[in-house]
Amino acid sequence: MNPPAPALNLRGAASPIVLAEQDRYLARDIERLSRANLSRCFHCRSCGNGCPFIRGMDYPPNGIIRLVQYGLRRQALESHTIWICVGCHTCSVQCPMGIDIAAIMATLRRLALAEGAMIAETNILDFHREVLQSIKQYGRAHKLGIMLRYKARVRQWFADLDVGLRMLAKRKMDLKASRVKAIGEITRLFIPHWKR
Amino acid sequence: MPGRGLNLTDLSYFPGCSLESSARESNISMMEAAEILGLNLIELEDWNCCGSSSANILDKEIAFSLAVRNLSLAPPDRPLMAMCPRCLYHLREAHQRLKEEPETLRAQERRWGRPISLGLSIIHFLEVLVRLGPARLQQGLVRNLNGLKFVPYYGCTLFRPPSLRQGSYYQGEMGNVLTMLGGVPLDKALTQRCCGSFLSAARADVVTPLVNEILASAVAAGAECLVTSCAMCQLNLEIRCTWEPRLPIFHFSEILALALGAQDYEGWFTRHLVDPRPLLQARELIP
Ligand code: SF4
Ligand code: SF4
(Lines give C-alpha, C1' and ligand atoms only; values in the text may rest on other atoms or scores of the structure.)
(Ligands and ions follow the chains in the order given, each with its own letter.)
Protein backbone atom coordinates (compact mmCIF):
# COMPACT_ATOMS: atom_id res chain seq x y z
CA MET A 1 0.00 0.00 0.00
CA ASN A 2 3.00 2.28 0.31
CA PRO A 3 4.25 4.39 -2.52
CA PRO A 4 7.35 2.64 -3.84
CA ALA A 5 10.40 3.54 -1.81
CA PRO A 6 12.47 6.21 -3.48
CA ALA A 7 15.61 4.92 -5.12
CA LEU A 8 18.61 5.06 -2.83
CA ASN A 9 18.97 8.76 -2.47
CA LEU A 10 22.31 9.62 -0.97
CA ARG A 11 22.17 13.21 0.05
CA GLY A 12 24.69 15.15 -2.01
CA ALA A 13 25.22 12.12 -4.20
CA ALA A 14 26.17 14.50 -6.99
CA SER A 15 29.35 15.23 -5.12
CA PRO A 16 31.83 12.38 -5.10
CA ILE A 17 32.29 10.33 -1.96
CA VAL A 18 35.45 11.49 -0.25
CA LEU A 19 37.42 8.40 0.62
CA ALA A 20 39.41 10.17 3.30
CA GLU A 21 36.19 10.79 5.21
CA GLN A 22 35.18 7.18 5.24
CA ASP A 23 35.30 5.30 8.48
CA ARG A 24 36.66 1.88 7.67
CA TYR A 25 35.55 0.45 10.99
CA LEU A 26 31.98 1.65 10.98
CA ALA A 27 30.40 -1.47 9.49
CA ARG A 28 32.37 -3.71 11.81
CA ASP A 29 31.41 -1.64 14.87
CA ILE A 30 27.74 -1.56 13.98
CA GLU A 31 27.71 -5.29 13.36
CA ARG A 32 29.21 -5.98 16.74
CA LEU A 33 27.01 -3.54 18.64
CA SER A 34 23.74 -4.47 16.97
CA ARG A 35 24.45 -8.17 16.49
CA ALA A 36 22.98 -7.81 12.99
CA ASN A 37 24.98 -9.09 10.07
CA LEU A 38 24.63 -6.26 7.63
CA SER A 39 27.06 -7.60 5.06
CA ARG A 40 24.32 -10.06 4.09
CA CYS A 41 22.14 -7.24 2.77
CA PHE A 42 21.65 -7.43 -0.98
CA HIS A 43 19.57 -4.26 -1.17
CA CYS A 44 16.34 -5.83 -2.26
CA ARG A 45 14.53 -2.94 -0.51
CA SER A 46 11.86 -5.09 1.09
CA CYS A 47 12.59 -3.27 4.32
CA GLY A 48 11.76 0.13 2.90
CA ASN A 49 8.72 -1.07 1.02
CA GLY A 50 7.14 -2.32 4.22
CA CYS A 51 8.28 0.45 6.53
CA PRO A 52 5.21 2.42 7.70
CA PHE A 53 7.24 5.62 8.11
CA ILE A 54 9.21 5.76 4.90
CA ARG A 55 7.36 9.00 4.08
CA GLY A 56 9.15 10.84 6.84
CA MET A 57 12.63 9.44 6.17
CA ASP A 58 15.48 10.95 4.18
CA TYR A 59 17.09 7.55 3.47
CA PRO A 60 15.18 4.28 3.18
CA PRO A 61 16.32 1.65 5.72
CA ASN A 62 18.60 -0.11 3.24
CA GLY A 63 20.05 3.32 2.38
CA ILE A 64 21.21 3.54 5.98
CA ILE A 65 22.79 0.12 5.64
CA ARG A 66 24.54 1.35 2.50
CA LEU A 67 25.89 4.38 4.33
CA VAL A 68 27.25 2.12 7.03
CA GLN A 69 28.80 -0.21 4.47
CA TYR A 70 30.45 2.77 2.79
CA GLY A 71 31.68 4.02 6.14
CA LEU A 72 29.81 7.30 5.81
CA ARG A 73 29.52 7.81 9.52
CA ARG A 74 28.39 11.41 9.69
CA GLN A 75 25.64 10.93 7.09
CA ALA A 76 24.29 7.89 8.91
CA LEU A 77 24.38 9.43 12.38
CA GLU A 78 22.90 12.72 11.23
CA SER A 79 20.09 11.20 9.19
CA HIS A 80 16.43 11.79 9.92
CA THR A 81 15.72 8.13 9.33
CA ILE A 82 17.23 6.83 12.55
CA TRP A 83 14.94 9.10 14.62
CA ILE A 84 11.81 8.56 12.58
CA CYS A 85 12.22 4.81 13.01
CA VAL A 86 10.01 3.68 15.91
CA GLY A 87 11.44 0.18 16.14
CA CYS A 88 8.28 -1.57 14.97
CA HIS A 89 10.36 -4.43 13.53
CA THR A 90 8.28 -4.68 10.36
CA CYS A 91 11.50 -4.57 8.36
CA SER A 92 13.30 -7.09 10.55
CA VAL A 93 10.49 -9.59 10.03
CA GLN A 94 10.33 -9.02 6.29
CA CYS A 95 14.03 -9.08 5.49
CA PRO A 96 14.77 -12.20 3.41
CA MET A 97 18.30 -12.24 4.82
CA GLY A 98 17.19 -12.19 8.44
CA ILE A 99 18.85 -8.88 9.23
CA ASP A 100 17.49 -7.13 12.32
CA ILE A 101 17.37 -3.67 10.78
CA ALA A 102 15.53 -2.22 13.76
CA ALA A 103 18.53 -3.15 15.93
CA ILE A 104 20.86 -1.35 13.50
CA MET A 105 18.70 1.78 13.80
CA ALA A 106 18.74 1.56 17.60
CA THR A 107 22.53 1.20 17.58
CA LEU A 108 22.96 4.24 15.34
CA ARG A 109 20.70 6.34 17.58
CA ARG A 110 22.78 5.37 20.56
CA LEU A 111 26.03 6.20 18.76
CA ALA A 112 24.64 9.54 17.60
CA LEU A 113 23.84 10.47 21.21
CA ALA A 114 27.13 9.12 22.57
CA GLU A 115 29.18 11.03 20.02
CA GLY A 116 27.23 14.25 20.22
CA ALA A 117 26.32 14.08 16.53
CA MET A 118 23.93 16.67 15.13
CA ILE A 119 20.42 15.32 15.75
CA ALA A 120 18.22 15.74 12.69
CA GLU A 121 14.88 15.37 14.51
CA THR A 122 15.20 17.54 17.60
CA ASN A 123 11.47 17.47 18.32
CA ILE A 124 11.45 13.71 18.57
CA LEU A 125 14.48 13.76 20.84
CA ASP A 126 12.82 16.42 23.00
CA PHE A 127 9.77 14.26 23.36
CA HIS A 128 11.84 11.28 24.51
CA ARG A 129 13.62 13.52 27.01
CA GLU A 130 10.32 14.66 28.49
CA VAL A 131 9.14 11.08 28.90
CA LEU A 132 12.36 10.16 30.67
CA GLN A 133 12.10 13.24 32.87
CA SER A 134 8.61 12.18 33.90
CA ILE A 135 9.82 8.69 34.74
CA LYS A 136 12.64 10.15 36.81
CA GLN A 137 10.21 12.31 38.73
CA TYR A 138 7.33 9.90 39.27
CA GLY A 139 8.61 6.47 38.24
CA ARG A 140 5.79 6.44 35.72
CA ALA A 141 4.98 8.38 32.58
CA HIS A 142 2.57 11.22 33.26
CA LYS A 143 1.04 12.14 29.90
CA LEU A 144 -0.24 15.61 30.63
CA GLY A 145 3.03 16.74 32.19
CA ILE A 146 4.98 15.27 29.29
CA MET A 147 2.86 17.00 26.69
CA LEU A 148 2.91 20.36 28.49
CA ARG A 149 6.67 20.37 28.94
CA TYR A 150 7.19 19.09 25.43
CA LYS A 151 5.03 21.88 24.02
CA ALA A 152 6.98 24.43 26.05
CA ARG A 153 10.24 23.03 24.77
CA VAL A 154 9.34 23.05 21.09
CA ARG A 155 7.24 26.25 21.44
CA GLN A 156 4.32 24.91 19.48
CA TRP A 157 1.46 25.63 21.84
CA PHE A 158 -1.23 25.60 19.23
CA ALA A 159 -0.26 22.67 17.09
CA ASP A 160 -2.62 19.84 17.93
CA LEU A 161 -4.51 21.91 20.46
CA ASP A 162 -7.83 20.37 19.40
CA VAL A 163 -6.58 16.85 20.03
CA GLY A 164 -5.17 17.85 23.41
CA LEU A 165 -8.42 19.47 24.47
CA ARG A 166 -10.50 16.51 23.38
CA MET A 167 -8.22 14.23 25.38
CA LEU A 168 -8.61 16.46 28.43
CA ALA A 169 -12.38 16.54 28.02
CA LYS A 170 -12.45 12.74 27.97
CA ARG A 171 -10.16 12.68 30.97
CA LYS A 172 -7.57 10.81 28.96
CA MET A 173 -4.92 12.92 30.62
CA ASP A 174 -4.91 13.04 34.40
CA LEU A 175 -4.05 16.28 36.14
CA LYS A 176 -2.33 14.47 38.95
CA ALA A 177 0.50 12.07 38.25
CA SER A 178 0.38 8.56 39.59
CA ARG A 179 3.67 7.89 41.30
CA VAL A 180 5.86 5.15 42.67
CA LYS A 181 6.00 5.10 46.48
CA ALA A 182 9.64 4.10 46.78
CA ILE A 183 10.61 6.91 44.40
CA GLY A 184 14.13 7.00 45.82
CA GLU A 185 14.79 3.65 44.16
CA ILE A 186 13.98 5.24 40.81
CA THR A 187 15.74 8.58 41.14
CA ARG A 188 18.90 6.82 42.26
CA LEU A 189 19.08 5.24 38.81
CA PHE A 190 19.55 8.67 37.33
CA ILE A 191 22.47 9.74 39.51
CA PRO A 192 25.76 9.14 37.71
CA HIS A 193 27.62 6.35 39.51
CA TRP A 194 30.58 8.61 40.31
CA LYS A 195 28.33 10.94 42.31
CA ARG A 196 26.76 8.33 44.52
CA MET B 1 5.71 -22.86 26.09
CA PRO B 2 7.05 -21.38 29.35
CA GLY B 3 5.07 -22.07 32.46
CA ARG B 4 2.62 -24.56 31.03
CA GLY B 5 0.47 -26.10 33.68
CA LEU B 6 0.89 -23.14 35.99
CA ASN B 7 -1.84 -22.33 38.37
CA LEU B 8 -3.81 -19.65 36.54
CA THR B 9 -6.00 -18.50 39.39
CA ASP B 10 -3.65 -16.06 41.06
CA LEU B 11 -1.77 -13.72 38.75
CA SER B 12 0.46 -10.74 39.39
CA TYR B 13 -0.76 -7.94 37.21
CA PHE B 14 1.38 -5.21 35.67
CA PRO B 15 -0.93 -2.39 34.48
CA GLY B 16 1.65 -0.01 32.99
CA CYS B 17 1.38 3.76 32.63
CA SER B 18 -1.27 3.91 29.88
CA LEU B 19 -3.74 1.51 31.45
CA GLU B 20 -3.30 3.28 34.73
CA SER B 21 -4.25 6.66 33.23
CA SER B 22 -5.30 7.43 29.66
CA ALA B 23 -6.72 3.96 29.01
CA ARG B 24 -8.34 3.39 32.38
CA GLU B 25 -11.39 1.96 30.63
CA SER B 26 -9.20 -0.86 29.37
CA ASN B 27 -7.94 -1.55 32.86
CA ILE B 28 -11.38 -1.55 34.48
CA SER B 29 -12.98 -3.73 31.82
CA MET B 30 -10.13 -6.23 31.98
CA MET B 31 -10.42 -6.47 35.77
CA GLU B 32 -14.10 -7.11 35.37
CA ALA B 33 -13.68 -9.76 32.70
CA ALA B 34 -11.02 -11.45 34.82
CA GLU B 35 -13.28 -11.51 37.84
CA ILE B 36 -16.13 -13.10 35.88
CA LEU B 37 -13.70 -15.74 34.63
CA GLY B 38 -12.60 -16.48 38.18
CA LEU B 39 -9.09 -15.03 37.89
CA ASN B 40 -7.57 -13.29 40.84
CA LEU B 41 -5.47 -10.38 39.57
CA ILE B 42 -3.12 -8.96 42.16
CA GLU B 43 -1.59 -5.66 41.09
CA LEU B 44 2.19 -5.68 41.29
CA GLU B 45 2.97 -3.72 44.44
CA ASP B 46 4.52 -0.31 43.67
CA TRP B 47 5.31 -1.11 40.03
CA ASN B 48 7.09 1.45 37.84
CA CYS B 49 7.31 2.25 34.14
CA CYS B 50 8.42 -0.78 32.12
CA GLY B 51 11.29 1.13 30.52
CA SER B 52 9.32 2.50 27.55
CA SER B 53 10.60 3.25 24.07
CA SER B 54 11.84 6.67 25.10
CA ALA B 55 13.98 5.46 27.99
CA ASN B 56 15.34 2.67 25.81
CA ILE B 57 16.39 5.16 23.17
CA LEU B 58 18.02 7.62 25.54
CA ASP B 59 19.62 5.30 28.04
CA LYS B 60 19.43 1.56 27.62
CA GLU B 61 20.85 0.79 31.05
CA ILE B 62 18.35 2.94 32.93
CA ALA B 63 15.56 1.40 30.87
CA PHE B 64 16.85 -2.07 31.66
CA SER B 65 17.03 -1.34 35.39
CA LEU B 66 13.50 0.07 35.32
CA ALA B 67 12.20 -3.16 33.83
CA VAL B 68 14.21 -5.24 36.28
CA ARG B 69 12.85 -3.40 39.31
CA ASN B 70 9.41 -4.66 38.31
CA LEU B 71 10.74 -8.19 38.03
CA SER B 72 12.29 -7.89 41.48
CA LEU B 73 8.87 -6.98 42.89
CA ALA B 74 7.09 -9.96 41.35
CA PRO B 75 6.43 -12.92 43.66
CA PRO B 76 8.05 -15.96 42.02
CA ASP B 77 5.17 -18.34 42.65
CA ARG B 78 2.67 -16.81 40.28
CA PRO B 79 2.88 -15.61 36.67
CA LEU B 80 3.34 -11.93 35.91
CA MET B 81 0.69 -10.79 33.48
CA ALA B 82 0.67 -7.64 31.34
CA MET B 83 -1.87 -6.24 28.95
CA CYS B 84 0.23 -3.67 27.10
CA PRO B 85 2.27 -5.44 24.38
CA ARG B 86 5.14 -3.01 24.71
CA CYS B 87 5.39 -3.48 28.47
CA LEU B 88 5.35 -7.24 27.94
CA TYR B 89 8.17 -6.88 25.43
CA HIS B 90 10.38 -4.78 27.68
CA LEU B 91 9.80 -6.98 30.72
CA ARG B 92 10.56 -10.13 28.76
CA GLU B 93 13.60 -8.65 27.09
CA ALA B 94 15.06 -7.67 30.47
CA HIS B 95 14.25 -11.11 31.90
CA GLN B 96 15.98 -12.73 28.94
CA ARG B 97 19.10 -10.66 29.49
CA LEU B 98 19.20 -11.61 33.18
CA LYS B 99 19.11 -15.27 32.16
CA GLU B 100 22.05 -14.77 29.82
CA GLU B 101 24.22 -12.62 32.09
CA PRO B 102 24.63 -14.06 35.60
CA GLU B 103 26.85 -11.20 36.74
CA THR B 104 24.22 -8.65 35.67
CA LEU B 105 21.62 -10.65 37.58
CA ARG B 106 23.70 -10.56 40.75
CA ALA B 107 24.35 -6.83 40.38
CA GLN B 108 20.64 -6.15 39.93
CA GLU B 109 19.70 -8.32 42.90
CA ARG B 110 22.11 -6.35 45.03
CA ARG B 111 20.82 -3.06 43.65
CA TRP B 112 17.21 -3.78 44.60
CA GLY B 113 18.00 -5.88 47.65
CA ARG B 114 15.53 -8.49 46.46
CA PRO B 115 15.92 -11.83 44.73
CA ILE B 116 14.82 -12.05 41.10
CA SER B 117 13.27 -15.28 39.89
CA LEU B 118 14.63 -16.55 36.59
CA GLY B 119 11.77 -19.03 36.43
CA LEU B 120 9.14 -16.30 36.54
CA SER B 121 6.72 -16.65 33.67
CA ILE B 122 5.77 -13.38 32.00
CA ILE B 123 2.60 -13.65 29.96
CA HIS B 124 0.03 -11.61 28.12
CA PHE B 125 -3.63 -11.51 29.08
CA LEU B 126 -4.49 -13.22 25.79
CA GLU B 127 -2.31 -16.15 26.72
CA VAL B 128 -4.21 -16.53 29.98
CA LEU B 129 -7.48 -16.67 28.06
CA VAL B 130 -6.13 -19.18 25.57
CA ARG B 131 -4.93 -21.42 28.39
CA LEU B 132 -8.21 -21.15 30.21
CA GLY B 133 -9.73 -22.73 27.14
CA PRO B 134 -12.91 -22.21 25.14
CA ALA B 135 -15.20 -23.99 27.61
CA ARG B 136 -14.62 -21.40 30.37
CA LEU B 137 -15.26 -18.56 27.95
CA GLN B 138 -18.46 -20.04 26.58
CA GLN B 139 -19.74 -20.77 30.06
CA GLY B 140 -19.41 -17.10 30.90
CA LEU B 141 -21.07 -15.86 27.71
CA VAL B 142 -24.01 -13.64 28.56
CA ARG B 143 -24.32 -11.27 25.63
CA ASN B 144 -23.69 -12.96 22.32
CA LEU B 145 -21.86 -10.52 20.07
CA ASN B 146 -24.51 -11.06 17.41
CA GLY B 147 -22.18 -11.19 14.46
CA LEU B 148 -20.38 -7.93 15.25
CA LYS B 149 -17.90 -7.50 12.38
CA PHE B 150 -14.51 -6.43 13.68
CA VAL B 151 -10.92 -6.26 12.56
CA PRO B 152 -8.63 -7.80 15.19
CA TYR B 153 -5.86 -5.21 15.19
CA TYR B 154 -2.70 -6.61 16.74
CA GLY B 155 -0.37 -3.74 16.02
CA CYS B 156 3.33 -4.24 15.56
CA THR B 157 4.50 -5.55 18.90
CA LEU B 158 2.25 -8.28 20.15
CA PHE B 159 3.96 -11.11 18.41
CA ARG B 160 6.67 -9.56 16.37
CA PRO B 161 10.00 -8.47 17.83
CA PRO B 162 12.66 -11.06 17.02
CA SER B 163 14.01 -11.13 20.57
CA LEU B 164 10.60 -12.31 21.72
CA ARG B 165 10.44 -15.29 19.44
CA GLN B 166 11.05 -17.59 22.35
CA GLY B 167 7.68 -16.41 23.63
CA SER B 168 4.28 -17.44 22.36
CA TYR B 169 2.56 -16.22 19.26
CA TYR B 170 -0.68 -14.43 19.74
CA GLN B 171 -1.46 -14.14 16.07
CA GLY B 172 -5.10 -14.94 15.48
CA GLU B 173 -5.94 -15.39 19.16
CA MET B 174 -7.87 -12.18 19.61
CA GLY B 175 -10.02 -13.17 16.64
CA ASN B 176 -10.45 -16.70 18.01
CA VAL B 177 -11.57 -15.55 21.43
CA LEU B 178 -14.12 -13.11 20.07
CA THR B 179 -15.39 -15.64 17.53
CA MET B 180 -16.25 -17.95 20.41
CA LEU B 181 -18.30 -15.11 21.82
CA GLY B 182 -20.23 -14.56 18.61
CA GLY B 183 -18.16 -11.95 16.77
CA VAL B 184 -17.04 -12.15 13.15
CA PRO B 185 -13.33 -11.39 12.65
CA LEU B 186 -12.21 -9.87 9.36
CA ASP B 187 -8.52 -10.47 8.77
CA LYS B 188 -8.10 -8.99 5.32
CA ALA B 189 -6.99 -5.64 6.64
CA LEU B 190 -3.73 -4.15 7.91
CA THR B 191 -3.92 -6.00 11.21
CA GLN B 192 -0.25 -5.66 12.18
CA ARG B 193 0.72 -2.34 10.70
CA CYS B 194 2.36 -0.10 13.30
CA CYS B 195 0.03 2.62 14.70
CA GLY B 196 2.68 5.35 14.76
CA SER B 197 3.82 4.91 18.34
CA PHE B 198 5.50 8.01 19.79
CA LEU B 199 5.59 9.76 16.40
CA SER B 200 1.95 10.56 17.07
CA ALA B 201 3.17 13.14 19.57
CA ALA B 202 6.16 14.58 17.72
CA ARG B 203 5.40 13.98 14.02
CA ALA B 204 1.64 13.73 13.63
CA ASP B 205 2.08 14.55 9.93
CA VAL B 206 3.69 11.15 9.35
CA VAL B 207 1.17 9.26 11.45
CA THR B 208 -2.12 10.56 10.07
CA PRO B 209 -1.80 9.06 6.55
CA LEU B 210 -0.76 5.77 8.12
CA VAL B 211 -3.71 5.62 10.52
CA ASN B 212 -6.05 6.53 7.69
CA GLU B 213 -4.59 3.73 5.63
CA ILE B 214 -5.23 1.23 8.44
CA LEU B 215 -8.80 2.39 8.87
CA ALA B 216 -9.45 2.46 5.14
CA SER B 217 -8.32 -1.16 4.95
CA ALA B 218 -10.74 -2.07 7.73
CA VAL B 219 -13.62 -0.34 6.00
CA ALA B 220 -12.73 -2.05 2.73
CA ALA B 221 -12.84 -5.40 4.53
CA GLY B 222 -16.37 -4.57 5.67
CA ALA B 223 -15.61 -3.98 9.35
CA GLU B 224 -17.83 -2.09 11.78
CA CYS B 225 -15.09 -1.54 14.31
CA LEU B 226 -11.52 -2.42 15.26
CA VAL B 227 -10.50 -4.29 18.39
CA THR B 228 -7.00 -3.93 19.80
CA SER B 229 -5.19 -5.07 22.90
CA CYS B 230 -2.75 -2.17 22.92
CA ALA B 231 -3.78 1.07 24.62
CA MET B 232 -1.37 3.17 22.57
CA CYS B 233 -2.74 1.75 19.32
CA GLN B 234 -6.27 2.46 20.50
CA LEU B 235 -5.41 6.08 21.24
CA ASN B 236 -3.43 6.70 18.06
CA LEU B 237 -6.12 5.18 15.85
CA GLU B 238 -8.71 7.39 17.52
CA ILE B 239 -6.91 10.72 17.64
CA ARG B 240 -5.00 10.58 14.36
CA CYS B 241 -7.75 9.44 12.04
CA THR B 242 -9.06 12.15 9.72
CA TRP B 243 -11.16 9.75 7.71
CA GLU B 244 -14.95 9.84 7.74
CA PRO B 245 -17.02 8.03 8.83
CA ARG B 246 -14.92 7.08 11.84
CA LEU B 247 -14.99 3.51 13.06
CA PRO B 248 -15.08 2.90 16.81
CA ILE B 249 -11.87 1.43 18.21
CA PHE B 250 -12.39 -0.94 21.13
CA HIS B 251 -10.01 -2.22 23.71
CA PHE B 252 -10.12 -5.99 23.47
CA SER B 253 -11.03 -6.20 27.15
CA GLU B 254 -14.09 -3.99 26.68
CA ILE B 255 -15.65 -6.30 24.13
CA LEU B 256 -14.67 -9.32 26.17
CA ALA B 257 -16.18 -7.93 29.37
CA LEU B 258 -19.29 -6.83 27.52
CA ALA B 259 -19.85 -10.34 26.17
CA LEU B 260 -19.25 -11.78 29.62
CA GLY B 261 -22.06 -9.65 30.99
CA ALA B 262 -20.35 -6.65 32.61
CA GLN B 263 -22.82 -3.89 33.48
CA ASP B 264 -20.88 -0.67 34.01
CA TYR B 265 -19.78 -0.18 30.41
CA GLU B 266 -21.25 3.33 30.25
CA GLY B 267 -18.21 4.71 32.06
CA TRP B 268 -15.82 3.08 29.60
CA PHE B 269 -17.53 4.13 26.42
CA THR B 270 -17.93 7.78 27.38
CA ARG B 271 -14.13 7.96 27.51
CA HIS B 272 -13.84 7.14 23.82
CA LEU B 273 -13.20 9.91 21.34
CA VAL B 274 -15.28 8.03 18.76
CA ASP B 275 -18.52 7.07 20.50
CA PRO B 276 -19.06 3.32 20.06
CA ARG B 277 -22.54 3.25 21.61
CA PRO B 278 -24.60 3.76 18.43
CA LEU B 279 -22.95 0.70 16.89
CA LEU B 280 -23.52 -1.43 19.98
CA GLN B 281 -27.12 -0.28 20.20
CA ALA B 282 -27.69 -1.13 16.55
CA ARG B 283 -26.34 -4.60 17.29
CA GLU B 284 -28.62 -4.78 20.35
CA LEU B 285 -25.67 -5.35 22.64
CA ILE B 286 -26.59 -2.45 24.91
CA PRO B 287 -29.98 -0.80 25.38
S1 SF4 C 1 15.17 -6.37 3.32
FE2 SF4 C 1 17.14 -7.08 4.15
S3 SF4 C 1 18.34 -7.71 2.37
FE4 SF4 C 1 16.61 -6.48 1.60
S5 SF4 C 1 17.45 -4.40 1.48
FE6 SF4 C 1 16.49 -4.57 3.49
S7 SF4 C 1 18.13 -5.22 4.86
FE8 SF4 C 1 18.85 -5.57 2.78
S1 SF4 D 1 11.69 -0.79 12.57
FE2 SF4 D 1 12.08 1.28 11.83
S3 SF4 D 1 12.90 1.04 9.77
FE4 SF4 D 1 11.97 -0.91 10.35
S5 SF4 D 1 9.90 -0.84 9.51
FE6 SF4 D 1 9.77 -0.11 11.63
S7 SF4 D 1 10.03 2.13 11.52
FE8 SF4 D 1 10.70 1.26 9.53
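User: Which residues lie nearest the centre of the second largest cavity?

Analyst: C51(A), M57(A), C85(A), C88(A) and C91(A), out of 14 lining residues. This is a predicted model, in which local features need pLDDT of at least 70 and side-chain atom pairs pLDDT 80 or more, while totals for chains, interfaces and linings use all residues. Residues count from 1 along each chain as its sequence is written, chains are lettered from A and ligands numbered from 1 in written order, and side-chain values use heavy atoms, without hydrogens or water.

User: What is a cavity, and what is a pocket?

Analyst: Take a 1 Å grid over the protein atoms alone: a cavity is a set of points where a 1.4 Å probe fits but cannot get out, whereas a pocket is an open set with protein on both sides within 12 Å along at least five of seven lines. Lining residues have an atom within 4 Å of a point. Volume is the space filled by probe spheres set on the points, which are joined across faces, edges and corners. Here, four cavities reach 30 Å³ or more. The second largest cavity has about 90 Å³.

User: Which ligand sits in the second largest cavity?

Analyst: To sit there, more than half of a molecule's atoms must lie within 2 Å of the grid points. Ligand 2 does so. A residue is near a molecule if a heavy atom lies within 4 Å of it. For ligand 2, 14 residues qualify, the closest being C51(A), C85(A), C88(A), H89(A) and C91(A). Helices α6 (90-94) and α7 (101-115) of chain A each give at least two residues to this shell. Helices are DSSP runs (H or I, at least four residues), numbered from the N terminus.

User: How do the shells of ligand 2 and ligand 1 divide by class?

Analyst: Nonpolar means Ala, Val, Leu, Ile, Met, Phe, Trp, Tyr, Cys and Pro; charged means Asp, Glu, Lys and Arg; the others, Gly among them, are polar. The shell of ligand 2 has 11 nonpolar, three polar and no charged residues. Ligand 1 has 10 nonpolar, three polar and one charged. Its closest residues are C41(A), C44(A), R45(A), C47(A) and C95(A). In chain A, α2 (46-50) and α3 (61-70) each supply two or more residues to that shell.

User: Is T81(A) buried or exposed?

Analyst: Buried is under 20% relative accessible area, exposed over 50%, and partly exposed in between (1.4 Å probe, protein chains only). T81(A) is buried because its value is 0%. T81(A) belongs to α5 (residues 81-84) of chain A. Contact means heavy atoms within 4.5 Å. Beyond four places in sequence, T81(A) touches M57(A), D58(A), Y59(A), I64(A) and M105(A).

User: How many residues of α12(B) are buried?

Analyst: Eight of its nine. L235(B) and I239(B) are among them. Together with α5 of chain B, α12 gives at least two residues each to the lining of the largest cavity. That cavity has a volume of about 130 Å³. R86(B), C156(B), T157(B), C195(B) and M232(B) lie nearest its centre.

User: What volumes do the largest pocket and the second largest pocket have?

Analyst: The largest pocket has about 1200 Å³. Its lining has 43 residues, with A103(A), R110(A), K60(B), Y89(B) and E93(B) nearest the centre. They divide into 17 nonpolar, 13 polar and 13 charged. The second largest pocket has about 970 Å³. Of its 42 lining residues, F127(A), K143(A), M147(A), A201(B) and L235(B) are closest to the centre. Its classes are 27 nonpolar, 10 polar and five charged.
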